[in-house]
Amino acid sequence: MLRRTGIIGTLIGLLAFLLWAPAAVAAPAAPAASGCGVLAPGASAAAQSAIAAACAQVDAGTWYTWGGGHGAQPGATYGQVDPTDPASEHDPERLGFDCSGLVRYAYAQAAGSDILDGDASRQYYTTRAAARFTAAQGLAPLLPGDLLAYGDSADLHHIAIYLGAGKMVEAKQSGTHLMVSDVRLSPDYFGAVRVNTGAVTGHVFRTWGTGVWTKTAPSVGAGRVYAFPGPTSVRVECQKHAELVTSDGYTNDAWSYLPDYKAWVTNIYIQGPAWLDGVPTCA
């Protein structure tokens, strides 16, 4: 009887080992020694791929270079001297990325196409926004892969990729390598955008002018939402006749609703006819 019990115990132990072993092999890899990786649940497959691409550059010791990553195709390039930053004197000798160059590269790897070409402002004011978050909302609604923007509505000068757990991966400044940093929720933090790597739907137009404010309602006196720093591609959901506006030599009572910003803009500052072709009237 004792002998049988010993055999059964051995078999149970062996079975437990066999059941446990595959689970151990399948466990997700921890972030690299740099701490770069997906640090919270909820990220889309595309966001995870973008983080993996950025983190590979961190782990490779890639340099920050001013203007780096803005060649004909996404990828590291030699930088330029920033006339306002003495630390950039060696950037033309270094192959690397600036902040928006890294974001461009990471999401090109994830999407398979160059969907975020441009500087930090153009990347934040993208027609590929799946969601937007204000600075006042903090980090609570964010998911890994969201883009964190710094500056003000008319001049966004820095952008980084959120990893989760209060961390971000960024190309920060000349004289440093790409790095993982604590998210800086300083007065300079503007907000975040979640990137849609799929097809862009809806009616896409381009604004003109600089410092063009969007509004909470179709009225000049309504609250300000975002200011486009320059010509910006926007998705228009619908348009309506509302307050008459005269500006820059034009008069128009048509306003367009921009779903990516949950805001309105006068049609005066949208390139095209006064009443946009193909855009339905708002209910």
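Here are some questions and answers on the disulfides and a sheet of this predicted model.

Q: What makes cysteine 36 and cysteine 55 a disulfide?
A: Their sulfurs sit 2.0 Å apart, and the cut-off for calling a pair a disulfide is within 2.5 Å. So the pair qualifies, S to S at 2.0 Å.

Q: Why is the disulfide of cysteine 36 and cysteine 55 called left-handed or right-handed?
A: Look at the torsion about the S-S bond: about -75°, so this disulfide is left-handed.

Q: Which parts does the pair of cysteine 36 and cysteine 55 tie together?
A: Cysteine 36 lies in the loop between helix H1 (2–26) and helix H2 (45–59), while cysteine 55 is in helix H2. The two are 19 residues apart in sequence, so the bond ties those parts together.

Q: How do you know whether cysteine 36 is buried or exposed?
A: Buried means under 20% relative accessible area, and cysteine 36 comes in at 4%. Cysteine 55 passes the test too, with 5% relative accessibility. So cysteine 36 and cysteine 55 count as buried.

Q: What about cysteine 99, buried or exposed?
A: Its relative accessible area is 9%, and the limit is under 20%, so cysteine 99 is buried.

Q: What makes cysteine 238 and cysteine 282 a disulfide?
A: With sulfur atoms 2.1 Å apart and a limit of within 2.5 Å, this pair makes the cut. The torsion about its S-S bond is about 95°, so here the disulfide is right-handed. Cysteine 238 belongs to strand S14 (residues 238–247) and cysteine 282 to the segment after strand S16 (263–266), which puts the pair 44 residues apart and links distant parts of the chain. Both cysteines, 238 and 282, are buried.

Q: How many disulfides are there, and what pattern do they follow?
A: The structure has two. Counting bonded cysteines along the chain, the pattern reads 1-2, 3-4.

Q: Why is strand S9 called largely enclosed?
A: Six of its seven residues (the strand runs 189–195) are buried, so the rest of the structure largely encloses S9.

Q: How do you know that S9 pairs with strand S4?
A: A pairing needs at least two bridges, and S9 has five with strand S4 (residues 129–134), in the antiparallel sense. One of the S4 residues, alanine 129, has valine 195 as its bridge partner in S9. Strand S5 (residues 147–152) also pairs antiparallel with S9, over four bridges; there, alanine 149 partners glycine 191.

Q: What makes S4 and strand S8 edge strands?
A: The open sheet has six strands in the order S4-S9-S5-S6-S7-S8, paired antiparallel. S4 and strand S8 (179–182) each pair on one side only, and that puts them at the edges. From one strand to the next, the twist averages 35°.

Q: How do you know that S5 and strand S6 pair?
A: Six bridges join S5 and strand S6 (residues 155–164), in the antiparallel sense, against a minimum of at least two. Aspartate 152 stands opposite aspartate 155 in S6.

Q: Which helices pack on the sheet?
A: H2 is one of them, touching S6, strand S7 (167–170) and S8, with its direction at about 100° to that of S6. Helix H3 (residues 99–111) is another: H3 touches S5, S6, S7 and S9, and its direction makes about 45° with that of S6.

Note on methods
Residues are numbered from 1 along each chain as its sequence is written. This is a predicted model: local features need pLDDT of at least 70, side-chain atom pairs count only at pLDDT 80 or more; totals for chains, interfaces and linings use all residues. Side-chain values use heavy atoms; hydrogens and water are left out. Buried means under 20% relative accessible area, exposed over 50%, partly exposed in between (1.4 Å probe, protein chains only). Axes are lines fitted to C-alpha atoms, for helices over the stretch in contact, and angles run from 0 to 180 degrees between N-to-C directions. Contact means heavy atoms within 4.5 Å.
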